[in-house]
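Biologist: I should like to be guided through a structure that is new to me. May I put some questions about it?

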Amino acid sequence: MKLPRRNFLHLAAGAAALPIVSRIAWAQTYPSRPIRIVVGFAASSSPDITARLMGQQLSKGLGQQFIIENRPGAGTNIGIEAVVRAPPDGYTLLWITPSSAINPTLYDKLNFNFLRDIAPVASVVRLPNVMVVNPSIQANTVPEFIVYAKANPGKISMGSATIGGTDHVTGELFKMMTGVDIVHVPYRGGGASLYSDLLAGQIQVSFPVTASSIGYIKSGKLRALGVTTASRWEGLPDIPTIGEFVPGYEASSWHGLGAPKNTPTEIVDKLNKEVNAALADPSMKARLADLGGTPLAGSPADFGKLIADETEKWGKVIRAANIKAE
């Protein structure tokens, strides 16, 4: 049977609209079962803690359990690949950290392209690092450290939790922008061994996250010279930013939520709305502040720009310092 042109166009338009209608209906009923958030770090790590905090808030807002699945290994690449290969239905999400912006340059071959294969959902928190030195170092300020380091080239060691970690590249950025010659010493996972050597003076400087170092700073066991973020951190209000002495210097850790590419926009937007609502909650703000973080609310596009900008920034540092993954 030959349909009149008007009827044919009407039916064609209706057929084309069906996927849109079904996506909207799908988003309206989402979520209808538990959701997992894959974290590429071990339990009790900073990303794990912030992911669990957000998961609890999302469970309250969306009425379904958000399950944290720790998939550490290969600098978070194992966890990322698991999400890349997951169905784009909103039931498998990724906890994103700066590793996702560092790894594309740090690793020669990856089985995914992060910027292409992961859809940004929402940024969650920004966390400063802090430049700390052993008290034996004859420097009380960033300018004094630069002078001291230039007078002792190759004699100062900088410890980091791992090769290519945030504390490592943050220190390498400092080296590049100040021209100091200090030796990098990586530790497997950092933690107790790194701090033990830093406290003993076997290494002299490090750029750890504030949450793990603030106790040593407040007790006087380590001396803080500067925070790495663009603004001072309220947890150490008397400590200046490194950028106050090294113009243009800025580095930080940040966490957020992502999903496999092709996840319906309606689901991404729904999750983004819930994340931003959680970040506006005073109790959530207080919990993040306890970890040294500040809420980082924004749109999926805002988070996507942050990831792209950080990928470019750390790519330049990694190439210039010739950093290679273990």
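The questions and answers that follow go from the whole chain to single residues.

Biologist: How many helices and strands does the secondary structure of the protein chain come to?
Modeller: The model is a predicted one. Its C-alpha trace spans about 90 × 40 × 30 Å along the principal axes. The secondary structure of this chain comes to 12 helices and 11 strands.

Biologist: What percentage of the residues in the protein chain is buried?
Modeller: The accessible surface of the chain is about 15000 Å², and 55% of that surface belongs to carbon and sulfur atoms. A residue is called buried when its relative accessible area is under 20%. Of the 326 residues in the chain, the buried share is 49%.

Biologist: Which strands are the edge strands of the open sheet of 5 strands?
Modeller: The order of strands in this open sheet is β7-β6-β8-β5-β9, and the pairing is mixed. An edge strand pairs on one side only. The edge strands are therefore β7 (183-186) and β9 (223-227).

Biologist: Which residue in β7 is the bridge partner of S157?
Modeller: Strand β6 covers residues 157-160 and pairs with β7 in the parallel sense, over 4 bridges. In β7, the bridge partner of S157 is V183.

Biologist: How many of the 8 residues of helix α3 are buried?
Modeller: Helix α3 consists of residues 77-84 and is mostly covered. Its buried residues are N77, G79, I80, E81, A82 and V83. They pack against several elements, including β1 (35-39), β3 (92-96), α4 and β10 (253-260). The number of buried residues in α3 is 6.

Biologist: Is S99 buried or exposed?
Modeller: S99 lies in helix α4, which covers residues 99-106. Leaving aside neighbours within four places in sequence, S99 is in contact with F41, G75, T76 and P104. Because its relative accessible area is 15%, S99 counts as buried.

Biologist: Which residue meets D89 in a salt bridge?
Modeller: D89 is in the loop between α3 and β3, and its partner is in the loop between α1 (5-29) and β1, 56 residues apart. D89 is buried at 14% relative accessible area, whereas the partner, at 40%, counts as partly exposed. The N to O distance of the pair is 3.3 Å, and the residue that meets D89 is R33.

Biologist: Why are D48 and R52 separated by about one helical turn?
Modeller: The side chains of D48 and R52 meet in a salt bridge of 2.9 Å, N to O. D48 is buried, with a relative accessible area of 3%, while R52 is partly exposed at 34%. An α-helix has 3.6 residues a turn, so residues three or four places apart point the same way. D48 and R52 are separated by about one helical turn because both belong to helix α2 (residues 46-62) and the distance between them in sequence is 4 residues.

Biologist: How far apart are the closest N and O atoms of E312 and K316?
Modeller: E312 and K316 both belong to helix α12 (residues 300-321), 4 residues apart, and so about one helical turn separates them. E312 counts as partly exposed, at 48% relative accessibility. In the salt bridge between E312 and K316, the closest N and O atoms are apart by 3.8 Å.

Biologist: Which residues are linked in a network of salt bridges?
Modeller: A search of the whole structure finds 13 salt bridges. Side chains of opposite charge can pair when their charged atoms come close. The residues linked in a network are R36, E69 and R71.

How values were computed:
Residues numbered from 1 in each chain as written. Predicted model: local features only at pLDDT ≥ 70, side-chain atom pairs only at ≥ 80, totals over all residues. Heavy atoms only, no water. Pairing = 2+ DSSP bridges. Helix = DSSP H or I, 4+ residues; strand = E, 2+ residues; numbered from the N terminus. Buried < 20%, exposed > 50% of the residue type's maximum accessible area, 1.4 Å probe, protein only. Areas by Shrake-Rupley, 256 points an atom, 1.4 Å probe, with all protein chains shown as cover. Contact = heavy atoms within 4.5 Å. Salt bridge = Lys/Arg side-chain N within 4 Å of Asp/Glu carboxyl O.
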